[in-house]
Amino acid sequence: MKSVFILSVILFHCSLLFAQGNLEIKNPVLDLKQIKADTQARTESYKIKNTGNQPVIITRVTPMASQFKADWDRAPIPPGKSAEIRITFTSANLVQEKFNYKIIVFSNAKNKRLELSITGHVIDNPEQPELLYKQKIDGLKFKSSHIGLNNIYTWQTVCDTVYFINSRPEPVKLGIQYKPSHIEATFIPSKVEPGQKGALVIQYNAAMKNDYGYSYESLVFSINNARNYADRLTITATLLEDFSKLSKKELANAPVASFEKKEFNFGEIKKGEKANCDFTLTNTGKNPLYIRKTKASCGCTAVTLGNKTLEPGEKTVIRATFDSAGKSGRQYKTVTIITNDPKNPETILTINGTVKE
């Protein structure tokens, strides 16, 4: 009898152990496709079901963007029953026209953390045409004052367009006052009537740019032949070497950029002193390694190189010299090294220390 009692106790505790709620969401990705820009809040919902054998309490729902607010049923969800998670937002307030945001659901269920997402594309609203044109530049309203081209291979030519509305009371004639030589830019149309839309179309020639890594540039335009340097847009891109066409054999024989260390602590120095931070780079691959570019995170750090081309087995020293003039307290700087190592084309070196008065 005693053994039967013990077995019953064990089975009872096991049943408690395995008795647990479980949340299931049929469509965790809510794709709204195209929605018109609007100042009125809208609410979308997810259906959530408890497929376990114990009640579930949703303790928290956290959207990963402040423009979204979450609400949900606070009462416990019994086994086999469903509940609703509601997400409210105003489309005109979203930072990006094409959006994809995460929403995290926390509960006491077996799957304590669930990840949802909400995606879509905010488009112009004919009844409120200026809602998405939030960047004011000298009487014009642009959708954005920044053209982000993201990643571009060094051989590519890419195009992009930024739209605007003429919110001046008179027609405007638009032209290009300044642009980098590797960028072509055209206003369409060149003359825009009051309240009408126009577009600036750019063409970015990465081969002509002949650079690597992050690039930040400006394009200055003219309105009615007036020259105002504030009438400008920024253009950014990250220029990458294209390794996608390398064969397995070429990858196996590729150069390899190996650093003895990637962090240097210069300790404590007095304001006005300079700290030399040396990093040793070795090519442990089977073909020549080319240092394409070095770039410091701030003008207070100068970078000097030994050899820019390393044969297999060769080493070189990259020196980052930190100038503490005008600095004080804890310092943290980075140096980016770009090479033709296809597996690790970009390496971030860090230098840190303290500047005393």
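This report describes strand pairing, selected residues, nonpolar cores and the largest pocket in a predicted model.

## Strands β4, β7 and β8

Strand β7 covers residues 98-107 and runs antiparallel to strand β4, residues 58-63, with five bridges joining the two. In this pairing, Pro 63 stands opposite Ile 103 of β7.

β7 also pairs with strand β8, residues 113-123, again in the antiparallel sense, over nine bridges. Phe 99 faces Gly 120 of β8 across this pairing, the two standing opposite each other. Five residues lie between β7 and β8, and the two strands form a hairpin. Strands of a sheet pair through backbone hydrogen bonds, either parallel or antiparallel.

## Gly 120

Gly 120 has its place in strand β8. Its relative accessibility is 11%, so Gly 120 counts as buried, the cut-off being under 20%. Beyond its neighbours within four places in sequence, Gly 120 is in contact with Asp 31, Leu 32 and Lys 33, and also with Glu 97, Lys 98 and Phe 99.

Gly 120 and Arg 42 are 78 residues apart in sequence. From C-alpha to C-alpha, the distance between Gly 120 and Arg 42 is 13 Å.

## Nonpolar cores

The largest nonpolar core has 34 residues. Those with the most contacts inside it are Ile 48, Ile 58, Phe 68, Ile 85, Phe 99 and Ile 118. At least two residues of this core come from each of β1 (23-25), β2 (29-36), β3 (42-50), β4, β6 (82-89), β7 and β8. In soluble globular proteins, nonpolar side chains tend to be buried together.

Leaving aside neighbours within four places in sequence, the contacts of Ile 48 include Leu 23, Ile 25, Ile 58, Ile 77, Ile 85 and Leu 114. Glu 24, Lys 81, Ser 82, Ala 83 and Glu 84 are also in contact with Ile 48. Apart from the largest core lies another core, of 25 residues, and among them are Val 162, Val 172, Ile 183 and Ile 235.

## The four-stranded sheet

An open sheet of four strands follows the order β19-β21-β25-β23, with antiparallel pairing. Its edge strands are β19 (257-259) and β23 (301-304), each of which pairs on one side only. On average, neighbouring strands of this sheet are turned by 30 degrees against each other, direction ignored.

β23 and strand β25, residues 315-323, run antiparallel and are joined by four bridges. Thr 301 stands opposite Phe 322 in β25.

## Thr 334

Thr 334 is found in strand β26, residues 329-339. With a relative accessible area of 18%, Thr 334 is under the 20% cut-off and is therefore buried.

Beyond its neighbours within four places in sequence, Thr 334 is in contact with Lys 295, Ala 296 and Ser 297. Ile 348, Leu 349 and Thr 350 are also in contact with Thr 334.

## The largest pocket

About 730 Å³ of space lies in the largest pocket. Its lining is made up of 23 residues, of which Val 95, Glu 97, Lys 143, Ser 144 and His 146 lie nearest the centre.

The elements giving two or more residues to this lining are β11 (146-153), β12 (157-166) and β18 (232-240). β11 gives the largest share, five residues.

Technical notes:
Residues are numbered from 1 along each chain as its sequence is written. This is a predicted model: local features need pLDDT of at least 70, side-chain atom pairs count only at pLDDT 80 or more; totals for chains, interfaces and linings use all residues. Side-chain values use heavy atoms; hydrogens and water are left out. Two strands pair if DSSP finds at least two bridges between them. Axes are lines fitted to C-alpha atoms, for helices over the stretch in contact, and angles run from 0 to 180 degrees between N-to-C directions. Buried means under 20% relative accessible area, exposed over 50%, partly exposed in between (1.4 Å probe, protein chains only). Contact means heavy atoms within 4.5 Å. A nonpolar core is a set of buried Ala, Val, Leu, Ile, Met, Phe, Trp, Tyr and Cys residues joined through side-chain atoms within 4.5 Å. On a 1 Å grid over the protein atoms alone, a cavity is a set of points where a 1.4 Å probe fits but cannot get out, and a pocket is an open set with protein on both sides within 12 Å along at least five of seven lines; lining residues have an atom within 4 Å of a point. Grid points are joined across faces, edges and corners, and a volume is the space filled by probe spheres set on the points.
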